[in-house]
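Visitor: I am new to this structure and would like to learn how to read it. Could you take me through it one feature at a time?

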Amino acid sequence: MGKSVSVIGGDLRIIYLVEMLAKDGFNVYTYGLEKAEKLQNINNVFNCKNIEECIKKSKLVISSIPLCKDENLIKSPFSNKDILIKDVTKCLENKIFIAGSIPQDLYNLQQETNFEIIDLIKCEELAILNSISTAEGTIQIAMEETDFTLHGSNILILGFGRIGKVLSKMLNSIGANVYCEARKSEDLAWIETYGYNPVPLSKLNDSLSDKNIIINTIPSLILDENRLKLIKKDSLIIDLASKPGGVDFEIAKNLGIKVIWALALPGKVAPFSAGECIKQTIYNEIKDKKIF
């Protein structure tokens, strides 16, 4: 098969990824990207007529992040076609399939069809790289949705994981008064060491009333009705947590508190950089597999 890659569906990050793979010398066979004008004049990018033709060209098959539009369809905003997941999986014999947020049903199919799965959402490298664009996108939203400077504002970050660490550093560097909530004592110690204001979870309720902006990174309900009632009506909440989110959105709406649920920011605010991060992660994931 030579140095070739098959790509099925995907958003603008995947469009940039295809460009980068082609520039690196790969023949890239695509399906479900026919509306991507950026790819139409690249000599070593080929638009295939069907899924079978696309997949048979390569050992490596890349798809959308996240993979699913719903339970049955692959996310493919640059196509008018409905791409059924089952039509892709039946062609994956002896292939390596790379996508994001791959459902368990696909792992179960590995017992029937011999193929390998790499879920990019589970790759720590990509998560760390994406935290940069997520943090920048969050700051962009905060600036667009408020009528005051972030410099001098009281900003509370819920959670001190990858995104919390990067975001707190960026906000601190532009002069915000950064408060970071954490459960673990070692995280609270690091927060204090970095010069931010530590907020133990047990004392979170006492730290809500004077915040201009609250940014949640915790993927479970933390801003429930009781806590939302402690927040100023003119505060902004930005929820970065994946579904179902960390905010009771209905209660927040009833209380008149603005909430922005900002999902998948890397693909929205920095798709080129996100594509680079995806490419780097894929290269590192397959470097020992000797498929080219």
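Guide: Gladly, and let us start with a single residue. Cys 123 has a relative accessibility of 8%, so it counts as buried, the cut-off being under 20%. Keep in mind that this is a predicted model.

Visitor: What is the nearest cysteine sulfur to Cys 123, and how far away is it?

Guide: That sulfur belongs to Cys 277, and it is 12 Å away, with Cys 123 in no disulfide.

Visitor: How many disulfides does the structure hold?

Guide: It holds 0 disulfides. Cys 91 is another cysteine in no disulfide, and the nearest cysteine sulfur to it, 9.6 Å away, is that of Cys 54. Two sulfur atoms must lie within 2.5 Å to count as a disulfide, so Cys 91 and Cys 54 do not qualify. Cys 91 counts as buried because its relative accessibility is 17%.

Visitor: Let us step back to the whole chain. How many helices and strands does the secondary structure come to?

Guide: There are 11 helices and 12 strands. Along the principal axes, the C-alpha atoms fill a box of roughly 60 × 35 × 35 Å. The chain has 292 residues, and 50% of them count as buried.

Visitor: What share of the contacts joins residues at least 24 apart in sequence?

Guide: Taking contacts between residues at least 6 apart in sequence, 56% join residues at least 24 apart.

Visitor: Could we look at contacts for one residue? Which residues does Asn 130 touch beyond its neighbours within four places in sequence?

Guide: Asn 130 is in contact with Pro 266, Ala 274 and Cys 277, once those neighbours are left aside. To find Asn 130 on the model, look in helix 5, which covers residues 124–144. Asn 130 counts as buried because its relative accessibility is 15%.

Visitor: And where is the place of Asp 11?

Guide: Asp 11 sits in the loop between strand 1 (4–8) and helix 1. Not counting residues up to four places away in sequence, Asp 11 touches Ile 65, Pro 77 and Phe 78. With a relative accessible area of 14%, Asp 11 is buried.

Visitor: Now for pockets. How does one look for them?

Guide: Rolling a probe the size of a water molecule over the atoms shows where empty space is left. In this structure, the largest pocket has a volume of about 1400 Å³. It is lined by 43 residues, and those closest to its centre are Ile 121, Leu 240, Ala 241, Ser 242 and Ala 264.

Visitor: Which elements give two or more residues to that lining?

Guide: They are helix 1 (12–23), helix 5, helix 6 (162–173), strand 8 (177–182) and helix 10 (265–269). Helix 5, where we met Asn 130, gives the most to the lining, with 6 residues. Sorted by class, the lining has 21 nonpolar, 10 polar and 12 charged residues.

Visitor: How much space lies in the second largest pocket?

Guide: About 200 Å³. Among the residues lining the second largest pocket are Glu 71, Lys 86, Pro 103 and Leu 109. Helix 3 (85–89) and helix 4 (104–109) each supply at least two residues of this lining. Its classes come to 5 nonpolar, 2 polar and 3 charged residues.

Visitor: The last feature on my list is the salt bridge. What is the idea behind it?

Guide: Side chains of opposite charge can pair when their charged atoms come close. Here the count comes to 10 salt bridges. One of them joins Arg 162 and Glu 124, whose closest N and O atoms are 2.8 Å apart. This pair links distant parts of the chain, for Arg 162 is in helix 6 and Glu 124 in helix 5, 38 residues apart.

Visitor: What are the relative accessibilities of Arg 162 and Glu 124?

Guide: Arg 162 is at 41% and Glu 124 at 44%. Arg 162 counts as partly exposed, and Glu 124 is partly exposed too.

Visitor: Could you show me some other pairs?

Guide: Asp 87 forms a salt bridge with Lys 90, with 3.7 Å between the closest N and O atoms. Asp 87 is partly exposed at 23%, while Lys 90 is exposed at 55%. Glu 225 pairs with Lys 229 in a further salt bridge, with a closest N and O distance of 3.2 Å. There, Glu 225 is partly exposed at 35% and Lys 229 counts as exposed at 51%.

Notes: Residues numbered from 1 in each chain as written. Predicted model: local features only at pLDDT ≥ 70, side-chain atom pairs only at ≥ 80, totals over all residues. Heavy atoms only, no water. Helix = DSSP H or I, 4+ residues; strand = E, 2+ residues; numbered from the N terminus. Buried < 20%, exposed > 50% of the residue type's maximum accessible area, 1.4 Å probe, protein only. Contact = heavy atoms within 4.5 Å. 1 Å grid on protein atoms, 1.4 Å probe; cavity = no way out; pocket = protein on both sides within 12 Å on 5 of 7 lines; lining within 4 Å. Points joined across faces, edges and corners; volume = space filled by probe spheres on them. Nonpolar A, V, L, I, M, F, W, Y, C, P; charged D, E, K, R; others polar. Salt bridge = Lys/Arg side-chain N within 4 Å of Asp/Glu carboxyl O.
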